[in-house]
Amino acid sequence: MCGIVAYIGPKDATPFLLEGLQRLEYRGYDSAGVAVSGRTGGLKTRKVKGRVADLAAAVPARFKGTTGIGHTRWATHGVPSDANAHPHLDNAERIAVVHNGIIENADELRAKLTADGAVFLSETDTEVLAHLIAAHATEGTDLEDAVRAALGKVVGTYGIAVLDAEQPDRIVVARNGSPIVLGVGEKEMFVASDVSALVRYTRQVVHLEDGELATVRADGFRTFTEDARTTHRQPSTVDWEIDSYDTAGYEHFLLKEIHEQPGSVERTLSGRLDERFATAHLGGLNLDARELREIRRVKILGCGSAYYAGEMGAQLIEELSRIPAHSEPASEFRYRNPVIEADTLYVAVSQSGETYDTLAAVQEIKRKGGRVLGVVNTVGSAIARECDGGIYLHAGPEISVASTKAFTSTVVAFALLALHFGRIHDLSPADGRRIVAGLKALPGQIREILENDGQIAELAAEYAKCEGMMFIGRVRGFPVAREGAQKLKEISYVHAEAYPASELKHGPLALINPELPTVALVPDDELLDKNLTTLGEIKARSGRVLAIAHRTPETKLADHCVLVPKSEPELDPLLLNIPLQLFAYHAAVALGRDVDKPRNLAKSVTVE
């Protein structure tokens, strides 16, 4: 959610802080602020409710310092305001703190600090940290010791960066449930909550683990635990290009990322298809064939679009390998005291690899002795490090809040996993070759759909005038309908609901009228006749229908139809979803929405 940046080195920190915060805008936020200190100490701060551009306008020309921290805030404690924006200071204006996460015992700590004389200027839980660290920063105390002592009294999640005006040669950072990444430069160091803020300046990064802190100086860093034990972290190399964080001539990141899908699918497939044995190479699973044959069921965990991708993945696994598979919201999983079984393979899905609910589910499974694979896009992320093995998507950075290319690459990764499982079990070589050929054809077929952008834009502009829409699909099509409804809701704010087409007559049919259009997934498969019957039920009640299909249904059954290329039946959902991405995008544009940063949402949800 919130974003953190920090810099220490020989240069003025302010330009990096402002640019870094701008690159983190996609995470969602409502206010922003910076604090800097020069070599001689003292603090300068600026913070505003609003966008980073508003902050930049409020920063005076002489706002300079060689050490600095910055933040974009997504409100949890207190309304969006200048006072509640970060950084937060102690009363002596010596300690500055930026913080992602939630301090669960903030009220208790605030009461004690107030009794000791602290005066609070905001409603936030974060300000507690500034006063608490200041209380331990007595004369002669090293900043890292003061931070360690303060965090020992804190219950909750945090990613923090701390600046001390009396020790401007260092920044202390810490992580517990919210990401912190160090960037290693040439006689300068960077800190961020996301590598997107760093890649213009360095490709060498260090990901902190939960419960780990670091003291960052211009000439290097030291990592350690809360009980002062030194840890040893080696930098890894980020392989994403800086161009990935620009719109490259597209009006929005979302449109760019939709059009990048042929390439992102090719990267997900690269080196993983084995045509000789009609299977998939997935060495990152860290499971041999004997171990895979012992698996009796698969449980997939994700949130939002990752959950829907998991539903499509479960369908693929069951169809191709005949192993029972099920997808469940990770946000609910650990709260129902789940039974963790030795012969169940758990799969955690997260584009960012930092989704807190999914990470907590992984940790619960691991605590109970379960085996977890990760399907993530971000190398070195928390979920990737926690899991026993997994599949990296290699989809490239995804900036827009609404997931498109990462969603598609996730489903492709599940198709590879299902093919791998299937060939170890009872999937024939002939069916294996059929799936391999289908996967190889996907990038070209996606390009074909994207060429139909103009027709979809016209339809979206017309349907965007409606107050709501229904999305329906059968079996393989139902998760596609759910994802399509999700996309329309989250970026256009048009109410949308998804139902299995077979359930329409069991209640939702009461909603059908000329003012509530239905988007129907109508693949040319074994259920085509049943889907056409459902369209007839809708038309009999004067409902309008937009069909996403392989061939045009009878004219009387669909008011409009978007055709997609035919793939193998198991892979058809991948292609049926692409027009729904474009439909949601163009509807949002027609309605004048903030497409890349929809209201109330954030790209990486790192709080519970």
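# A guided look at this predicted model

Ser 542 sits in the loop that runs between helix H17 (528–539) and strand E26 (545–549). The structure you are looking at is a predicted model. Phi of Ser 542 is near 65 degrees, which is a positive value in a residue other than glycine. With 47% relative accessibility, Ser 542 counts as partly exposed. The points below take you from unusual backbone spots to sheets, one buried serine, aromatic rings and cysteines.

**Backbone details**

- Val 475 also has a positive phi although it is not glycine, with a value near 50 degrees.
- You can find Val 475 in the loop between strand E23 (468–473) and helix H16 (477–492).
- His 86 and Pro 87 are joined by a cis peptide bond, with omega at about 5 degrees.
- To locate Pro 87, look in the loop that connects E4 and strand E5 (88–89).

**The open sheet**

- Eight strands make up an open sheet with antiparallel pairing, and their order is E3-E2-E4-E1-E10-E9-E11-E15.
- At the edges are strand E3 (41–49) and strand E15 (236–237), each of which pairs on one side only.
- Inside that order, three bridges connect strand E9 (residues 181–184) with strand E11 (residues 204–207) in the antiparallel sense.
- For a concrete example, try Val 181: its bridge partner in E11 is His 207.
- Helix H1 (residues 13–23) lies across four strands, namely strand E1 (3–8), strand E2 (31–38), strand E4 (67–73) and strand E10 (189–192).
- The angle between H1 and E1 is about 160 degrees.
- As background, side chains in a regular strand alternate between the two faces of the sheet.

**Strand E18 and its partners**

- Strand E18 (residues 297–302) is mostly covered, as five of its six residues are buried.
- E18 runs parallel to strand E20 (residues 344–350), and five bridges join the two.
- One place to check this pairing is Ile 300, whose bridge partner in E20 is Val 347.
- E18 also runs parallel to strand E19 (residues 325–329), again with five bridges.
- In that pairing, Gly 302 stands opposite Pro 329 of E19.
- Follow the chain from E18 through helix H9 (residues 305–321) to E19 and you trace a right-handed β-α-β unit.

**A buried serine**

- Ser 409 belongs to helix H13 (residues 405–424).
- Is Ser 409 buried or exposed? Ser 409 counts as buried, because its relative accessibility is 0%, and the cut-off for buried is under 20%.
- Leaving aside residues up to four places away in sequence, Ser 409 touches Ser 264, Val 265, Thr 268, Leu 393 and Ala 395.
- Between Ser 409 and Val 206 there are 26 Å in space, C-alpha to C-alpha, and the two are 203 residues apart in sequence.

**Aromatic rings**

- To describe a pair of aromatic rings, we give the distance of the centres and the angle of the planes.
- The whole structure contains eight aromatic pairs.
- One of them is the tilted pair of Phe 190 and Tyr 201, at 5.4 Å centre to centre with 35 degrees between the planes.
- This pair links distant parts of the chain: Phe 190 is in strand E10, while Tyr 201, 11 residues apart from it, is in the loop between E10 and E11.
- Phe 190 is buried at 1% relative accessible area, whereas Tyr 201 is partly exposed at 31%.
- Tyr 307 and Tyr 308 form another tilted pair, 5.3 Å centre to centre and with 35 degrees between the planes.
- Both of these tyrosines, Tyr 307 and Tyr 308, are buried.
- Phe 190 and Tyr 201 also join Tyr 7 and Phe 16 in one aromatic cluster.

**Cysteines**

- A disulfide is a covalent bond between the sulfur atoms of two cysteines.
- How many disulfides does a search of the whole structure find? The search finds zero.
- Cys 2 is in no disulfide, and the nearest cysteine sulfur, that of Cys 303, is 18 Å away.
- Cys 2 is buried, with a relative accessible area of 9%.
- Why is the sulfur of Cys 561 not in a bond with the closest cysteine sulfur? That closest sulfur, in Cys 466, is 18 Å away, which is too far for a bond, as a disulfide needs sulfur atoms within 2.5 Å.
- Cys 561 is buried too, with a relative accessible area of 17%.

Terms used: Residues are numbered from 1 along each chain as its sequence is written. This is a predicted model: local features need pLDDT of at least 70, side-chain atom pairs count only at pLDDT 80 or more; totals for chains, interfaces and linings use all residues. Side-chain values use heavy atoms; hydrogens and water are left out. Buried means under 20% relative accessible area, exposed over 50%, partly exposed in between (1.4 Å probe, protein chains only). Two strands pair if DSSP finds at least two bridges between them. A crossover is right-handed if, with the strands pointing away from the viewer, the path from the first strand over the helix to the second runs clockwise. Contact means heavy atoms within 4.5 Å. Axes are lines fitted to C-alpha atoms, for helices over the stretch in contact, and angles run from 0 to 180 degrees between N-to-C directions. Rings of Phe, Tyr and Trp (its six-membered ring) pair if their centres lie within 6.5 Å; planes under 30 degrees apart count as stacked, over 60 as edge-to-face and the rest as tilted.
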